[in-house]
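Biologist: I would like to learn how to read a model of this kind feature by feature, beginning with a single residue and moving on to helices. Could you take me through it?

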Amino acid sequence: MIKKIKSFAAGLLVTFFAATSLFSAECIAPANPGGGWDFTCRTITKIMYDIGAYDSPIQVTNMAGGGGGLAYGHVVNERNTDDNLIVAASSATATRLAQNAYSGMTYDQVRFLGAIGADPGVIVVAADSPYKNLNDLLDAVIADPANHAFAGGSAAGGFDHLKVLMALGKKGFTDIAKVKYIGVDGDADAITQTVGGFTAAMTGDISGVVGFIKSGDVRVLASFTDERIPGFEDIPTAKEQGIDVVAVNWRGLYTPKGASDASYKKWTEALRKVGDSPEWKKAMEANGLAPFNKVGPNFQDYVVGVMAEVQALSKELGVMK
Amino acid sequence: MELIQNLALGFGIALTLTTLSLAIVGCILGTIIGALPGLGPSNGVAILIPLAFTLELDATQALVLMTSVYYGAMYGGRISSILLNIPGDEPAMMTTLDGYPMAKKGRAGDALVLSGVSSFVGAFLATIGLMLLAPILARVAFYFGPAEYFALYLLAFCTLGGIGSENQAKSAIAVCLGLGISMIGVDNSTGMTRFTGGNLHLYDGVDFLVAIVGLFAVTEIFVFIESRGKDSAIGVKLGKISIPFKDIIATRWTMLRATIVGFIAGVLPGAGASLGSFLAYMSEKSLAKEKKFFGTGDIRGVAAPEAGNNAAAGGALVPMLTLGVPGSGTTAVLLALLMTLNITPGPLLFNERPEVVWGLIATLLIANFVLLILNVPLVKIFTKILQVPASFLLPGVAMVSFVGIYSLSGSYFDLLLMIGFGVLGFTLRKLKIPAVPVILGILLGGHMEVSLRRAMVLSNGDWTYLFNSYISVGLWIAAFIGFVAPIFLRSYLKKPTPIG
């Protein structure tokens, strides 16, 4: 009998870990651990609890699938009235919704809560690259697109890819099918391909390249921001170089559509407190995030605006019908 | 001198009571997580991250706890491979090939001790390698472009012939099946979906853990039900438990070679522990003069994959710490943990945060001894599992499988898929087609395809790009030899034996 119990004890242990009920609220990171959404959930929920903006620790669940679509569907279909649920989102969420990549689900099926930081888009080359500024690189790509490939952390047609095409569009280059882009597994991987000389440049977010900037392995040609990024003042913006593209990867959250107004208010308050906290400022600094504070209903408006832009672009660029 | 100073700093951090006890707790938890099918190191570590926050651990302590769990899981995976023929996690898959037959011959205890020792050798030497070579080795990643990765995966598949089966054609069928399954999902280069039938759950492809638990654990349950318990693979003989010094000494070079192979595979981002243990096993098999015992309980077939996968686990920390590139699922989770703790991995981490890096290295060295002590004498307790009647054990395995898979994505779809793989595994077993190559196809097929397509994009479709560096040419030659040599060797070896 004791042996019987022993064999089941192992199973019970797993059940315990899987269904830990220490937590009253949940944050879903719609991807495997290690990415931006995971960072959003883990950092924001940790600070939320640490500074007392939320009164209990918040459990982080990873629900990878469909580029965030699986979690989106899960929230829309199964958790629509859950007051204690927040979900990590970013520009990629909006891009995919705009491109109709969540199998028919639309942006108005959830409520966007807010974003409290943004990862500025950057174009990076290896330190020994001949290109010294963004115009050099773009001119070279336009002159000979077949021999200048970009590496990025998102799939073809994703946000990293669109950034490059937007910049080239400003130079009047419209033959976008000729632009070579390879989607690899994240920013760091895109960097190794570029430093290794396999691609001409890397398109991504600054958080993924901070370590390589400090070590001197890479040179950042431009950031796609309105103003220079705090802490990285020597990186010129694309705007300064005459290429008017602003593309940031905001880090934010959404909640179920059917959750009560009281809970929406509670979460926006908590998120606002995190956004104002010194802990968050420190975390932003360490991860190369730039200030970007839009919480509450005006964030929803912003998202809708960005989506219209992406949709128009995607159609123009041919990545979407 | 600097190295000694750094180590002193590291041990100063590691040898505090809190850190040490965290390492021990991590090792024990990790071993359990590793041994349970369906709960591998990556989700094990992910599940425990909230624990680190709740306990308010500082950066080094959190990292110590998590990497101890990681190393523990790498040790623990072998236990269910050997005792139940169900790999506890994917890198332990190769250990089923000889570990389980060895257990069936009544040498379960020996197999556990031997694999424990080889795990120690692999992990310990890999930690030393991490310590001495990390900053230099990090540069290796810069030499591996799409063409080189493609050649590397090709090498793995070319050496597959005859694995787990006498019949090469059956292995080939199994590989093709795995490669086919690996194509399911959204194609990253075009954004098109393939073989998903419009089902959102399949957009990210089939999780190999679902496949592995289905093909091994669920299949085992089906076989048990079919034979009403008579024909089940479960129920190996215990054997007497002593330390098999003879076997350990006999496999000392095997362990060393496997460590080197595994470590290199681990250092390359994207290759990881599974490829490490696979290449370690295959290279050992190709070096052996007498091959026919492989697959039937050869001690080298037990020592090589375990040294290989544990060395790869250590190797995978190199690109994670120095480049921020996670080489495997588990290092991806560890990377997330680092970021959350405001540590940015990168080329300068060793200089900027020496207390984190050296504290970690010192702990890993200690954790290895803890694990050796934990694993060798505790073999007696592990083998107690064998005394549990299969009719009690298998429902437990079923429950753990379901809970483990459900915890991956929280989706019932994965459970259905797992049962589907169970049916497939059952069919394959009836047809005597090995399941291991299917898993390898799923694990590595996607990487291989993506590498090839990236290479084609970069070269504008020029095939000669695949041979344009010394590294890729070298790998192609090795792959060619790996594929052709057994064909000639076999006819050469067979000559003296008349048929019939």
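Modeller: Let us begin with burial, which is judged by counting neighbours: Ile243(A) has 20 other C-beta atoms within 10 Å and is therefore buried, since a residue counts as buried from 20 such atoms upwards. Please keep in mind throughout that this is a predicted model.

Biologist: Where in chain A is Ile243(A) placed, and with which residues is Ile243(A) in contact once its neighbours within four places in sequence are left aside?

Modeller: Ile243(A) sits in the loop that joins strand S8 (218–223) to strand S9 (248–256) of chain A, and its contacts beyond those neighbours are Leu134(A), Ala167(A), Lys170(A) and Ala238(A). Separation along the chain is another thing to read alongside separation in space: Ile243(A) and Val60(A) are 183 residues apart along the chain, and 39 Å lies between their C-alpha atoms.

Biologist: How many residues apart in sequence are Glu316(A) and Thr174(A), and what is their C-alpha to C-alpha separation?

Modeller: Glu316(A) and Thr174(A) are 142 residues apart in sequence, with 9.2 Å from C-alpha to C-alpha. Glu316(A) belongs to helix H11 (residues 297–317) of chain A, and it is partly exposed because 13 other C-beta atoms lie within 10 Å.

Biologist: Turning to backbone torsions, what is the sign of phi in Asn100(A), and is Asn85(B) buried or exposed?

Modeller: The sign of phi is read together with the residue type, and Asn100(A), which is not a glycine, has a positive phi near 60°. Asn100(A) occupies the loop between helix H4 (91–98) and strand S4 (110–126) of chain A, where 14 other C-beta atoms within 10 Å make Asn100(A) partly exposed. In chain B, Asn85(B) likewise is not a glycine and has a positive phi of about 65°; its place is the loop between helix H4 (59–84) and H5 of chain B, and Asn85(B) counts as buried because it has 22 C-beta neighbours inside 10 Å.

Biologist: Since H5 of chain B has come up, how far apart are its end C-alpha atoms, and where does H5(B) bend?

Modeller: One compares the end-to-end distance with the span of a straight helix: H5(B), residues 93–137, has 45 residues, yet its end C-alpha atoms are only 27 Å apart, whereas a straight helix would reach 66 Å at 1.5 Å a residue. H5(B) bends by about 135° at Arg107(B), and the helix is mostly covered, with 36 of its 45 residues buried.

Biologist: What angle do the axes of H2 and H15 of chain B make where they cross, and which residues meet there?

Modeller: The axes of H2(B), residues 17–35, and H15(B), residues 354–375, come within 10 Å and cross at roughly 50°, so the two helices are oblique to each other. The crossing is right-handed, and among the residues that meet are Leu20(B), Ala23(B) and Ile24(B) from H2(B), with Ile366(B), Ala367(B) and Val370(B) from H15(B).

Biologist: And how are H8 and H19 of chain B oriented to each other?

Modeller: The axes of H8(B), residues 208–226, and H19(B), residues 436–458, come within 10 Å and cross at roughly 175°, and the pair is therefore roughly antiparallel. Phe208(B), Ala211(B), Ile212(B) and Leu215(B) of H8(B) meet Val438(B), Ile439(B), Ile442(B) and Leu443(B) of H19(B). For the wider setting, chain B has 20 helices and 2 strands, and 60% of its 500 residues count as buried.

Methods. Residues are numbered from 1 along each chain as its sequence is written. Chains are lettered from A and ligands numbered from 1 in the order in which they are written. This is a predicted model: local features need pLDDT of at least 70, side-chain atom pairs count only at pLDDT 80 or more; totals for chains, interfaces and linings use all residues. Helices (H or I, at least four residues) and strands (E, at least two) are DSSP runs, numbered from the N terminus. The expected span of a helix is 1.5 Å times one less than its number of residues. The bend at a residue is the angle between axes fitted to the seven residues ending there and the seven starting there. A residue is buried if 20 or more other C-beta atoms lie within 10 Å of its own, exposed if 12 or fewer, and partly exposed in between; C-beta atoms are placed from the backbone. Axes are lines fitted to C-alpha atoms, for helices over the stretch in contact, and angles run from 0 to 180 degrees between N-to-C directions. Angles under 35 degrees count as roughly parallel, over 145 as roughly antiparallel, 65 to 115 as roughly perpendicular and the rest as oblique. A crossing is left-handed if the near helix is turned anticlockwise from the far one by less than a right angle, and right-handed if clockwise. Two residues are in contact if their C-beta atoms, placed from the backbone, lie within 7 Å.
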